[in-house]
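Here is a friendly walk through one model. Have a look at the structure first, and then we will take it feature by feature.

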Amino acid sequence: MRNPLAQAAALPVFTRREALRRVGMGFGSVALAPLLQQAGLAAPAATPVSPLSPRAPHFKPRAKRVIHIFLNGGVSHVDTFDPKPALQKYAKQLLPTGNLPTERPTGAAFPSPFAFKKYGRSGTEVSEIFPWTAECVDDLAVIRSMHADIPNHEPSYFLMNCGEARQPRPSMGAWVTYGLGSENQNLPGFVVMCPGGQPAQGIENWRAGFLPSVFQGTYIDSQHQEIEKLIENIRNPKLSPEKQARQLALLRQINRAHQESRQDTQLESRIQAFELASKMQLEATDAFDTRREPQSILDLYGPGVQARQLLIA
């Protein structure tokens, strides 16, 4: 086995002046590359034109897609998948750690009224309110180590969706779309369904943060089924689909000519967003109208908005 110290000693040593020179030349090459491509003196870059183009992951994935169900105001973890024996020990007593730092005074310990039982080969404890889910517990990953230092609701939304309560970090959906892209170029790679309006803090829950804005989630008010209400302004009531398609094709041509003369990355992102919206006109009905599904599929999910959201996903 080689000596790592000897290997490190064999590496080239640069002076500060040499390091700055190499870094400067590197940045110059980055700036020169697109100019040479424009002049036809260099091959075009192999990077995809659309930032939403599918990209191969570093490792072969087992999952084909990500569906994040965020149950705002949902049932407590201590009543579902996270039994707390200490709550039974200190039932109706003040907590020995003192009053918790919440916006309201904390009362006595209150144990869960539901019984827990171990299921599956993993022996994971599940509450009695989920008997059917418990039968599939070996297919679940139950995380009980998460905690937060902020007990309030609004910052907790950011912790759950973006991993950070104080700084503008990208949401999980933005990171997944940024890293993997989307196989479907006619619909957004990151869709947010929230019936009846946005939650507290609104679009900040699915923000792109410091990533390009094209990776931000596209909000859908999923309480509606009519495509005109589900995705507003997606159809022009005064034009036939054929005339609207011709209008959009002309607009796309003008946008491209405008962008090529300026090489503006922000303008490119806006053009891609508008072109994606035009593609959605053709695809949205098939993707979001569950009334086209056979009755046997509708029966599997049941009635209600939540069932329709899961079917759409």
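How much space lies in the second largest pocket? In this predicted model, the second largest pocket holds about 1800 Å³ of space. Its lining is made of 44 residues, and those closest to the pocket centre are V66, I67, G189, F190 and V191. If you want to find the pocket on your screen, these five residues are the ones to pick out.

Which elements give two or more residues to this lining? They are helix 6 (172–180), strand 3 (191–193), helix 9 (265–288) and helix 11 (305–312). Helix 6 provides the largest share of the lining, with five residues. By residue class, the lining of the second largest pocket has 27 nonpolar, 13 polar and four charged residues.

Helix 6 also holds L180. With a relative accessible area of 40%, L180 is partly exposed, because that value falls between the 20% and 50% limits. L180 and S53 are 127 residues apart along the chain, yet 8.2 Å separates their C-alpha atoms.

**A nonpolar patch**

On the surface, I67, I69, L71, L300, Y301 and L310 make a nonpolar patch of about 620 Å². I67 has already appeared among the residues closest to the centre of the second largest pocket. Another patch member, Y301, belongs to helix 10 (residues 295–301). Is Y301 buried, partly exposed or exposed? Its relative accessibility is 40%, so Y301 counts as partly exposed.

**Salt bridges**

Side chains of opposite charge can pair when their charged atoms come close. How many salt bridges does the structure hold? There are five, and the table gives three of them, with the N to O distance for each pair.

| Pair | N to O distance |
|---|---|
| D82 and K84 | 3.3 Å |
| D82 and R144 | 4.0 Å |
| R144 and E125 | 3.5 Å |

Through these contacts D82, K84, E125 and R144 are linked in a network of salt bridges. D82 takes part in a bridge with K84 and in another with R144. The bridge between D82 and R144 links distant parts of the chain, 62 residues apart: D82 is in the loop between helix 2 (16–38) and helix 3 (85–89), while R144 is in the loop between helix 4 (131–134) and helix 5 (153–162). R144 also pairs with E125. E125 sits in strand 2 (residues 124–127) and R144 in the loop between helix 4 and helix 5, so this bridge ties together parts that are 19 residues apart in sequence.

How does the cover vary across the network? D82 is buried, with a relative accessible area of 9%, because buried means under 20%. Its partner K84 counts as partly exposed, at 36% relative accessibility. R144 is partly exposed too, at 35%, and E125 is likewise partly exposed, at 26%. The network therefore joins a buried aspartate, D82, to the partly exposed side chains of K84, R144 and E125.

Definitions and conventions. Residues are numbered from 1 along each chain as its sequence is written. This is a predicted model: local features need pLDDT of at least 70, side-chain atom pairs count only at pLDDT 80 or more; totals for chains, interfaces and linings use all residues. Side-chain values use heavy atoms; hydrogens and water are left out. On a 1 Å grid over the protein atoms alone, a cavity is a set of points where a 1.4 Å probe fits but cannot get out, and a pocket is an open set with protein on both sides within 12 Å along at least five of seven lines; lining residues have an atom within 4 Å of a point. Grid points are joined across faces, edges and corners, and a volume is the space filled by probe spheres set on the points. Helices (H or I, at least four residues) and strands (E, at least two) are DSSP runs, numbered from the N terminus. Ala, Val, Leu, Ile, Met, Phe, Trp, Tyr, Cys and Pro count as nonpolar, Asp, Glu, Lys and Arg as charged, and the others, Gly among them, as polar. Patches are made of residues with over 30% relative accessible area and no salt bridge: like charges are joined within 9 Å, nonpolar side chains (Val, Leu, Ile, Met, Phe, Trp, Tyr) within 5 Å. Accessible areas come from the Shrake-Rupley method with a 1.4 Å probe; for residues, only the protein chains shown count as cover. A salt bridge is a side-chain nitrogen of Lys or Arg within 4 Å of a carboxyl oxygen of Asp or Glu. Buried means under 20% relative accessible area, exposed over 50%, partly exposed in between (1.4 Å probe, protein chains only).
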